[in-house]
Amino acid sequence: MNLLSSFRDSARARPIIERIHRRKTGPVTIMEFCGGHTVAIFRSGMREVLPSRVRMLSGPGCPVCVTSNADLDRAIALARTPGVILASYGDMLRVPGSHLSLMQARAQGCHVEIVYSTLDALALAEQHPDKDVVFFAIGFETTAPAAAAAVLQARARGLKNFSLCSVMKLTIPGARALLGMGDVNVDAVIGPGHVSSIIGADPWRFLPDEHGIPVAISGFEPLDLLAATDALLGMIETGSPDLVNTYRRIVKPEGNRKAWGLVQEVFAPRTTVWRGFGEIPDSGLVLREEYAEFDAERRFSIVVDDATEHPACRCGEVLRGVITPPDCAVFATACTPEHPLGPCMVSSEGSCAAYFQYQRHSGA
Amino acid sequence: MCLAVPAKVLELRDNQMALVDLGGTQREISLMVLDGEVAPDQYVLVHVGYAIEVIDEDEARRTLELFEEFQALDERESLGSDTDVPDAFR
């Protein structure tokens with residue numbers, strides 16, 4: 001589509017880059033919360049054209065990365081339960097848990113299926129009426145509607161052999177926790193475009209209102225990200241932090257009310273553990289009592305009490321923006337995409353994987 | 001994980017499903033979480049098999065027009081009042 005590919009047009013990018021260079025600001029750290037943005041920023045080459053005073057910092061917006069080892073171990077334990085088919089999005093398969101990954105569990109004979117969609121997980125349950133299909137539900141607000149829709153469809157179809165192991169998380173409590181910890185200095189935030197397509201742009205208003213931090217909701221094309229960066233620098237330059245939305249072709253102030261309504265119908269917030277953060281109140285999604293029959297946690301009694309982290313892995317600090325991947329001693333040495341020690345090197349949108357792919361040799 | 005891609009709606013089907021063209025590949029997706037109606041030839045944003053939003057082509061055009069204004073200003077080398085964030089993004 002010409003209209004959408006125009007957002008990659010380098011001729012259109014030049015004036016925005018020039019605007020960015022004319023902005024009169026001191027050194028600025030802009031955090032992109034979303035791992036998809038991290039990858040898009042690297043892939044576009046945008047880091048190379050920004051003024052050196054503008055530093056882009058990756059945040060915790062990678063659901064695979066912030067999943068705790070205890071939660072991953074629980075999914076692996078479910079996969080080991082006789083009669084269970086564990087269905088998971090592909091991103092999670094190679095992440096090392098405390099003892100092994102889902103991929104290794106599969107190699108040991110567990111029935112683990114990669115699905116692209118919850119629709120595929122429902123189909124699995126219909127095809128295997130003698131098995132229990134457990135969907136390992138990871139993701140943020142963008143992905144939660146698909147999980148809610150699956151539960152509602154399972155009920156409508158009378159599926160008794162389908163359940164969810166929900167480790168889904170909410171980005172606003174996560175962002176609040178990050179800023180509350182106070183160990184990273186962020187001057188501006190690029191807000192996640194697809195999370196915001198569901199919850200709306202407005203929930204991000206707490207950043208300017210409570211923290212004086214400007215936020216620009218952005219899409220994932222180079223021009224989206226440049227326009228968002230220019231807008232953020234403009235707000236810093238004029239000392240007027242606000243919420244702007246440079247992704248208006250997708251994101252509405254109120255979001256997708258139907259999708260978010262379905263999420264709230266099926267799930268309730270709960271305290272949950274994020275890698276690198278510990279417990280964050282009301283930052284996870286658990287099935288409501290009315291849908292308890294679809295909750296794998298209640299259907300199977302799985303206890304995981306021996307979760308451990310790899311001692312050398314510093315994914316937690318990478319996710320908080322306290323260090324960048326090259327600061328980690330095992331980055332690109334003991335920890336590579338082939339032999340990852342932590343999730344940020346596995347996930348296609350993990351910071352470590354992005355640095356490894358795009359910036360390993362530049363020393364930055 | 002939040003990767004979502006534009007797809008052109010080809011055909012509406014039963015059970016809130018639709019056939020879409022996803023970068024040259026045809027695929028059936030769900031419209032169950034989409035707010036409002038969509039028609040063939042419109043573009044939707046697809047995430048994990050579900051359309052999550054209709055792409056607003058008018059807004060896309062408006063944003064691109066704004067970028068053209070940036071260009072026009074550059075050509076006139078007018079820098080003065082151009083520091084503000086465009087109202088169109090607010």
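## A tour from helix α8 outwards

Start by selecting helix α8 of chain A, residues 118-127. Its buried residues are A:T118, A:L119, A:A121, A:L122 and A:A125. Look down the helix axis. These residues span an arc of only 160 degrees around the axis, so they sit on the same side of α8(A). Keep in mind that this is a predicted model.

What covers that buried set? Select β3 (84-88), β5 (132-137), α9 (144-156) and β6 (162-166) of chain A, and add β3 (25-30) of chain B. The cover of the buried residues includes these elements from both chains.

**The sheet**

Next, show the strands of chain A. Four of them make an open sheet, in the order β4-β3-β5-β6, and the pairing is parallel. Which strands are at the edges? They are β4 (112-114) and β6 of chain A, and each pairs on one side only. From one strand to the next, the twist averages 30 degrees.

Zoom in on β3(A) and β4(A). Three bridges join them in the parallel sense. Pick A:S88, and then find A:I114, its bridge partner in β4(A).

**Helices across the sheet**

Bring α8(A) back into view. It lies across β3, β4, β5 and β6 of chain A. Its angle to β5(A) is about 165 degrees. Now add α9(A). This helix lies across β5 and β6 of chain A, at about 155 degrees to β6(A).

**Where the chains meet**

Colour the two chains separately. How many residues does each chain bring to the contact? Chain A brings 52 residues and chain B brings 36. On chain B, the elements giving two or more residues to the side that touches chain A are β4 (43-47), β5 (50-54) and α1 (57-75). Select α1(B): with ten residues, it gives the most to that side. Sorted by class, the side of chain B that touches chain A has 21 nonpolar, six polar and nine charged residues.

Stop at B:Y50. Beyond its neighbours within four places in sequence, B:Y50 is in contact with A:P145, A:A146 and A:A149 of chain A. On its own chain, it is in contact with B:I29, B:S30, B:M32 and B:V33.

**The core**

In soluble globular proteins, nonpolar side chains tend to be buried together. Here, the largest nonpolar core has 151 residues. Select the ones with the most contacts inside it: A:A79, A:L86, A:V134, A:F136, B:V44, B:Y50 and B:A51. Finish at helix α13 of chain A, residues 222-237, which gives the most to this core, with ten residues.

Methods
Residues are numbered from 1 along each chain as its sequence is written. Chains are lettered from A and ligands numbered from 1 in the order in which they are written. This is a predicted model: local features need pLDDT of at least 70, side-chain atom pairs count only at pLDDT 80 or more; totals for chains, interfaces and linings use all residues. A residue is buried if 20 or more other C-beta atoms lie within 10 Å of its own, exposed if 12 or fewer, and partly exposed in between; C-beta atoms are placed from the backbone. Helices (H or I, at least four residues) and strands (E, at least two) are DSSP runs, numbered from the N terminus. The arc is that of the directions from the helix axis to the C-beta atoms. Two residues are in contact if their C-beta atoms, placed from the backbone, lie within 7 Å. Ala, Val, Leu, Ile, Met, Phe, Trp, Tyr, Cys and Pro count as nonpolar, Asp, Glu, Lys and Arg as charged, and the others, Gly among them, as polar. A nonpolar core is a set of buried Ala, Val, Leu, Ile, Met, Phe, Trp, Tyr and Cys residues joined through C-beta atoms within 7 Å. Two strands pair if DSSP finds at least two bridges between them. Axes are lines fitted to C-alpha atoms, for helices over the stretch in contact, and angles run from 0 to 180 degrees between N-to-C directions.
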